[in-house]
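Please open the structure in your viewer and keep the selection panel at hand. This tour proceeds from stop to stop and states at each one what to select and what is found there.

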Amino acid sequence: MFVHISPRGRTLLLLYVDDMIITGDDSEYIAFVKARLRDQFLMTDLGPLCYFLGIEVSSTSDGFSISQEKYIQDLLGRAALGDERTVETPMELNVQLRSSDGDPLPDPTRYCHLVGSLVYLAVTRPDISYPVHILGQFVSAPTTIHYSHLLRVLRYLRGTITRRLFFPHSSSLQLQAYSDATWASDSMDRRSLSAYCVFLGGSLIAWKTKKQTTVSRSSVEAKLRAMALLTTEVTWIR
């Protein structure tokens, strides 16, 4: 992948081997880039962006939104759930999973595949960031308990399949950031979790859930570490 900025600093070019997005508010330079690319490569212009690497993009006069509805449908098809149930939350409140919970799965391939798919889905679904982080810690040796919690995430997605991120045209360019931490939430190693989200005006543009690298000796220390993680993200964005 490479990124190119126009001489006027307003056109962004993203290249992914066979697929390419050209975006910006400099229509003349966009046309220039397309013309130069056609001179060098066999290229098909597919028009306005609608679908890219499993991500659906829709645009209106108020702004644009991104989602992965088709990706979720395909994921649910591969998971082959035996019922049509849905749940209100992706994970039960205050649940603590351990590596010793339940019986080992005879074949962990399906579990690993589904968790890997959920990791990519979290690109547009910040509401599953936390459970995916938790379930991803057990891909090396998943158990029946871990798998049941994984199925809960899929049932949650089935009931919320149309949710999407919206980016309004009227949004300001002011950054707002929030962080939090769960102190000693991992009962095995007593490490805490950091979490943050960053808004550009009213648009959510960055989020993360990550286990802290060292043990925090108090909830205040855990929250300070989460703030430090967020500060590095905001500094990079700015």
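Is R163 buried, partly exposed or exposed? Select R163 to begin: its relative accessible area is 44%, and R163 is therefore partly exposed. Please bear in mind throughout that the model is predicted.

**First stop: R163 and its partner**

Keep R163 selected and add D127. The side chains of these two residues meet in a salt bridge, with 3.8 Å from N to O. R163 belongs to the loop between α5 (144-159) and β7 (165-168), whereas D127 belongs to the loop between α3 and α4, so the pair ties together parts that are 36 residues apart in sequence. D127 counts as partly exposed because its relative accessibility is 27%, which lies between the limits of 20% and 50%.

**Second stop: the whole chain**

Now clear the selection and display the whole chain as a cartoon. Its secondary structure comes to six helices and 10 strands. The C-alpha trace spans about 60 × 45 × 35 Å along its principal axes. Of the 238 residues in the chain, 37% are buried. A search of the whole structure finds 15 salt bridges, and several of them are visited below.

**Third stop: a network of charges**

Select D83, E84, R85, R155 and R158 together. Salt bridges link these residues in a network. Within this group, R85 forms a salt bridge with D83, and their closest N and O atoms are 3.6 Å apart. How do the two partners compare in exposure? R85 is exposed, with a relative accessible area of 52%, whereas D83 is partly exposed, at 22%.

Next, select E84 alone. E84 has its place in the loop between α2 and α3. With a relative accessible area of 67%, E84 is exposed. Then add R155 and draw a distance between the C-alpha atoms. E84 and R155 are 71 residues apart in sequence, and their C-alpha atoms are 8.0 Å apart in space.

**Fourth stop: a buried residue in helix α3**

Select L114, which is found in helix α3. Its relative accessible area is 1%; because residues under 20% count as buried, L114 is buried. Add A79 to the selection. L114 and A79 are separated by 35 residues in sequence, and by 7.4 Å in space from C-alpha to C-alpha.

**Fifth stop: the second largest pocket**

Turn on a surface display and select M91, V95, Y130, I134 and L193. Of the 27 residues that line the second largest pocket, these are the closest to its centre. The pocket holds about 510 Å³ of space. Which helix gives the most to the lining of this pocket? Select residues 129-135, which form helix α4: this helix gives the most, with four residues. By class, the lining has 12 nonpolar, eight polar and seven charged residues.

**Sixth stop: helix α6**

Select residues 219-237, the extent of helix α6, in which M227 is found. M227 is partly exposed, with a relative accessible area of 45%. Add V220 and L224 to M227. V220, L224 and M227 form a nonpolar patch on the surface, and together they have about 300 Å² of accessible area.

In this helix, select R225 and E221 as well. Their side chains meet in a salt bridge of 2.6 Å, N to O. Both residues lie in helix α6, four residues apart, which is about one turn of the helix. R225 counts as partly exposed, at 31% relative accessibility.

**Last stop: two backbone angles**

Finally, inspect the backbone at two loop positions. Select L53, which lies in the loop between β4 (51-52) and β5 (55-59). L53 has a positive phi of about 50°, although it is not a glycine. The residue is partly exposed, with a relative accessible area of 41%.

Then select A80, found in the loop between α2 (69-79) and α3 (109-121). What is the phi of A80? The value is near 55°, which is positive in a residue other than glycine. A80 has a relative accessibility of 54%; because exposed means over 50%, A80 counts as exposed.

Definitions and conventions: Residues are numbered from 1 along each chain as its sequence is written. This is a predicted model: local features need pLDDT of at least 70, side-chain atom pairs count only at pLDDT 80 or more; totals for chains, interfaces and linings use all residues. Side-chain values use heavy atoms; hydrogens and water are left out. On a 1 Å grid over the protein atoms alone, a cavity is a set of points where a 1.4 Å probe fits but cannot get out, and a pocket is an open set with protein on both sides within 12 Å along at least five of seven lines; lining residues have an atom within 4 Å of a point. Grid points are joined across faces, edges and corners, and a volume is the space filled by probe spheres set on the points. Ala, Val, Leu, Ile, Met, Phe, Trp, Tyr, Cys and Pro count as nonpolar, Asp, Glu, Lys and Arg as charged, and the others, Gly among them, as polar. Patches are made of residues with over 30% relative accessible area and no salt bridge: like charges are joined within 9 Å, nonpolar side chains (Val, Leu, Ile, Met, Phe, Trp, Tyr) within 5 Å. Accessible areas come from the Shrake-Rupley method with a 1.4 Å probe; for residues, only the protein chains shown count as cover. A salt bridge is a side-chain nitrogen of Lys or Arg within 4 Å of a carboxyl oxygen of Asp or Glu. Buried means under 20% relative accessible area, exposed over 50%, partly exposed in between (1.4 Å probe, protein chains only).
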